[in-house]
Amino acid sequence: MANVQFANIRKSFGAHPVIKGVDIDIADGEFVILVGPSGCGKSTLLRMLAGLENISGGEIKIGGRIVNTLPPKDRDIAMVFQNYALYPHMTVEQNMGFSLMLNKAPKAEAEKRVKYAAGILGLDKLLDRYPRQLSGGQRQRVAMGRAIVRDPEVFLFDEPLSNLDAKLRVAMRAEIKELHQRLKTTTVYVTHDQIEAMTMADKIVVMHDGIVEQIGTPLELYDRPANLFVGGFIGSPAMNMIHGRLDPDDASQFVAANGTRLPVANPPASAMGRDLVYGLRPEYISLDPNGVPAEIVVIEPTGYETHLTVRLGGSEVSCVFRERVNARPGEAIRVAIDAAHVHLFDAEGGRRLTH
């Protein structure tokens with residue numbers, strides 16, 4: 001196992017910069033997820049760590065050793081790809097032990113490592129099968145097993161669950177997290193799915209347009225987003241955002257662009273007199289006959305919860321209610337807002353305003 005450090009990493013394709021000075025410290029044994037929309041640079045950063053992409057500037061260290069110019073085979077990493085990359089003419093056992101064969105490991109040692117990995121991943125009874133005889137989840141386990149047998153210092157995962165159906169993705173998330181807890185190997189995982197990031201990571205790195213927007217634990221990012229981008233990206237349904245200003249005569253009231261008044265608890269002094277965005281998570285809105293008027297746009301019952309989209313403060317706002325809602329689109333309801341969980345963002349720069 002080893003720590004990983006990205007120091008002022010830059011990458012350009014011709015004159016086009018795609019990574020713009022990224023600094024990330026990953027502790028020994030930590031599970032870190034790089035998350036962001038397509039094109040943000042997360043996969044490029046992972047490929048540079050793996051040695052599959054050249055670095056335009058900065059340093060990458062694995063276990064304190066600069067690896068900028070080292071070939072992938074000398075970095076002591078193992079990578080699990082999105083498309084499994086299994087050899088179709090080899091059995092599960094042969095696929096898992098292929099790297100050991102290339103390194104001319106003793107046969108007994110190779111068999112021991114393959115059986116150990118197969119036991120962890122529940123592949124014991126599938127070692128004689130070929131990839132075409134496996135389900136998508138089983139193929140992904142084989143790809144993970146091939147990485148485990150190498151006993152690397154760092155595991156790299158490049159969107160490994162993207163090709164799986166929704167139910168299998170949930171199961172595989174738990175398996176990968178359990179695997180990390182058992183092996184305690186430093187893991188760097190790339191995904192565009194913020195639910196994967198929230199449920200699996202020790203630490204999340206949110207990227208956007210080649211830069212790091214925020215680094216923190218899942219709940220730190222959810223409860224204290226640094227800016228509008230992180231607030232809108234982390235969380236499902238996404239954070240609601242309404243434009244307006246604080247009432248100059250009553251700072252406990254936010255006045256939306258259409259004049260609707262919404263509560264604010266203990267606003268920072270820096271929020272006064274500037275254009276703001278009122279950020280509110282959907283679960284902090286509740287039905288209340290004495291609350292703010294809103295109009296139902298869409299109702300989405302999920303069973304345990306009911307998701308509503310309502311027109312509030314001149315914007316369409318998402319709400320999540322635990323109770324059943326006996327209403328129809330177009331009808332009026334009233335909602336209360338938990339002011340203690342309101343975020344105020346600077347409308348111009350996007351930064352969350354704090355005390």
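Guide: Accessible areas come from the Shrake-Rupley method with a 1.4 Å probe, and for residues only the protein chains shown count as cover. This is a predicted model, in which local features need pLDDT of at least 70 and side-chain atom pairs count only at pLDDT 80 or more, whereas totals for chains, interfaces and linings use all residues. Residues are numbered from 1 along each chain as its sequence is written, and side-chain values use heavy atoms, with hydrogens and water left out.

Visitor: What share of the area that the chain exposes do carbon and sulfur atoms supply?
Guide: Along the principal axes, the C-alpha atoms of the chain fill a box of roughly 80 × 45 × 35 Å. The chain exposes about 16,900 Å², and the share supplied by carbon and sulfur atoms is 48%.

Visitor: Which helix gives the most to the largest nonpolar core?
Guide: That core (buried Ala, Val, Leu, Ile, Met, Phe, Trp, Tyr and Cys residues joined through side-chain atoms within 4.5 Å) has 44 residues, and Ile 33, Met 96, Met 144, Ile 176 and Tyr 189 are those with the most contacts inside it. With six residues, the element that gives the most to this core is helix 4 (residues 107-121).

Visitor: How many residues of strand 8 are buried?
Guide: Strands are DSSP E runs of at least two residues, and helices are H or I runs of at least four, numbered from the N terminus. Thr 186, Val 188 and Val 190 point one way from strand 8, while Thr 187, Tyr 189 and Thr 191 point the other way, and all are buried (under 20% relative accessible area, with exposed over 50% and partly exposed in between). Strand 8 (residues 186-191) is therefore largely enclosed by the rest of the structure, the buried count being six of the six.

Visitor: Through which helix does the chain cross from strand 7 to strand 8?
Guide: Strand 8 pairs (at least two DSSP bridges) in the parallel sense with strand 3 (residues 31-35) over five bridges, and Thr 187 is the bridge partner of Phe 31. Strand 7 (residues 154-158) also runs parallel to strand 8, joined by five bridges. The β-α-β crossover between strands 7 and 8 is right-handed (clockwise from the first strand over the helix to the second, with the strands pointing away from the viewer), and the chain passes through helix 6 (residues 166-183).

Visitor: At what angle to strand 1 does helix 1 run?
Guide: Strand 1 belongs to an open sheet of four strands with antiparallel pairing and the order 2-1-4-5, whose edge strands are strand 2 (16-26) and strand 5 (65-66). Helix 1 (residues 42-50) lies across strand 1 (4-13), strand 2 and strand 4, with contact meaning heavy atoms within 4.5 Å. Axes are lines fitted to C-alpha atoms, for helices over the stretch in contact, and angles run from 0 to 180 degrees between N-to-C directions; the angle to strand 1 is about 115 degrees.

Methods. Buried < 20%, exposed > 50% of the residue type's maximum accessible area, 1.4 Å probe, protein only.
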